Amino acid sequence: MAGLYLHIPFCKQACHYCDFHFSTSLKHQEAMVVAMKAELTLRKEELTDPIQTIYLGGGTPSLLTPAQLEELFETIQIHYQLSSAIEFTLEANPDDIDESLLIAYKAIGVNRLSLGIQSFRQQDLKFMNRAHNQQQAEQALNLVAEHFENYSVDLIYGVPDMPLEIWEQNLQLAFDANVPHLSCYALTVEPDTALDRFIQKGVVTPVDEALAKAHYDLLLDMTSEAGYVNYEFSNFGKPGFQSQNNTAYWEGVPYLGVGPGAHSLVGHVRSWNISNNPLYIKGLQAGKRPHESEKLSLNDRYNEYIMTGLRTAKGVSLSRISEEFGAVYRQYAESLLPELQAKNWIFLDGDDLHVPRSSKFVSDGIAAELFKLL
């Protein structure tokens, strides 16, 4: 099993919280598609397993034309072995969606849509500088539900001045629409973003971690009552609608990241493409992939397994630690358990370590307690 991630680095406008690589200039869009096709061709020998998941993220993949998307998919079909049960996800923004586009996506082979709504409240959308409005969010959701059985909605919580009841209303709107999958993320303040600068200048209210935790606790309660499975910290799926792409990522399945700024993991090597559109295109025009890479040490791989595993419902397997990293790493993890269990940060279910419901919001911090430092 393997995956392909294609990073489409274009957006209509910059969301205030975003630190992903993108450009609001679309003038290189066609050249970018040509370069990404060249990278797909150049790297066709890197993955030996069948492709189980294709994920188009960004940026805003729905800014590409159906013809451009089809070119990319045809290149993949030519050079890669695809699973018969492939999950092909495309991220789309509500303001881009119309019925003809959704029909075109399905004709190309897209069988899962990820809709970037973020909030159903106009005040929040304006605060985030999203390109769509409340009405477009609701209309897009209805359209997607008509054309796709398998789809996901992104929502953001922890937004300053978002009362608990507004977050509850956001979730209830998704439940009422019978959305099969939710990805819910806490608003984070990344360095050098517009949000970071606004907070430093006192223009907007700082993000309140206590409010974000209250939102997350409500999220856990409401999704559980509505029949969703919280299979990973931020991801909630109805039975049968767990994202294969998300699951593969958290389980360390090999994947290629294609496009500027995209990361890859093949074997024990992590690599990342240059985050510069013109330089990326120029490099591929010359037949070279502009990138950097690092070989992950045993320590790196152990720490990554702890970080990803504790975020999931599957947890961290002590047996797997022994098998993949050796008895020394298992003994190290077990030596830390009494203190973590006493704080109610970790519980042991048979052979597996899990974060209890009451401590989920600080899962990443708990994982760091189990890291092995050189």
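This report describes a helix, the nonpolar cores, two cysteines and one arginine in a predicted model.

**Helix H8**

Helix H8 covers residues 209–225. With 17 residues at 1.5 Å a residue, H8 should span 24 Å, and the C-alpha atoms at its ends are 24 Å apart, so the two values agree. The N-terminal end of H8 is capped by Asp208, which has a side-chain oxygen 2.9 Å from the backbone nitrogen of Ala210. Just past H8, Gly227 has a positive phi of about 90 degrees.

The buried residues of H8 are Ala212, His215, Tyr216, Asp217, Leu218, Leu219, Leu220, Met222 and Thr223. They pack against two kinds of element: helix H6 (164–176), and the strands E5 (151–157), E6 (181–186), E7 (229–232) and E8 (235–237).

**Nonpolar cores**

In soluble globular proteins, nonpolar side chains tend to be buried together. Here the largest nonpolar core has 76 residues, and Leu113 and Leu182 touch the most other members. H8 supplies the largest share of this core, six residues. Setting aside residues up to four places away in sequence, Leu113 touches Leu90, Ala92, Ile97, Leu102, Tyr105, Val144, Phe148, Asn150, Tyr151 and Ser152. A second core, separate from this one, has 19 residues, among them Phe325, Ile346, Ile366 and Phe371.

**Cysteines and Arg311**

Zero disulfides are found in a search of the whole structure. Cys15 is in no disulfide, and its nearest cysteine sulfur belongs to Cys18, 6.2 Å away. Cys18 is likewise in no disulfide, with the sulfur of Cys15 as its nearest, at 6.2 Å. A disulfide needs the two sulfur atoms within 2.5 Å, so a separation of 6.2 Å does not qualify.

Arg311 lies in the loop between helix H11 (298–310) and strand E13 (316–317). Apart from neighbours within four places in sequence, Arg311 is in contact with Tyr231, Glu232, Phe233, Ser234, Trp250 and Asp364.

The table gives the relative accessibility of these residues.

| Residue | Relative accessibility | Class |
|---|---|---|
| Cys15 | 14% | buried |
| Cys18 | 22% | partly exposed |
| Arg311 | 15% | buried |

Why does Arg311 count as buried? Its relative accessibility is 15%, and buried means under 20%. Cys18, at 22%, counts as partly exposed.

Terms used: Residues are numbered from 1 along each chain as its sequence is written. This is a predicted model: local features need pLDDT of at least 70, side-chain atom pairs count only at pLDDT 80 or more; totals for chains, interfaces and linings use all residues. Side-chain values use heavy atoms; hydrogens and water are left out. Helices (H or I, at least four residues) and strands (E, at least two) are DSSP runs, numbered from the N terminus. The expected span of a helix is 1.5 Å times one less than its number of residues. Buried means under 20% relative accessible area, exposed over 50%, partly exposed in between (1.4 Å probe, protein chains only). Contact means heavy atoms within 4.5 Å. A polar contact is a pair of N or O atoms within 3.5 Å; within protein, one must be able to donate a hydrogen and the other to accept it, and residues adjacent in sequence count only if both atoms are side-chain atoms. A nonpolar core is a set of buried Ala, Val, Leu, Ile, Met, Phe, Trp, Tyr and Cys residues joined through side-chain atoms within 4.5 Å.
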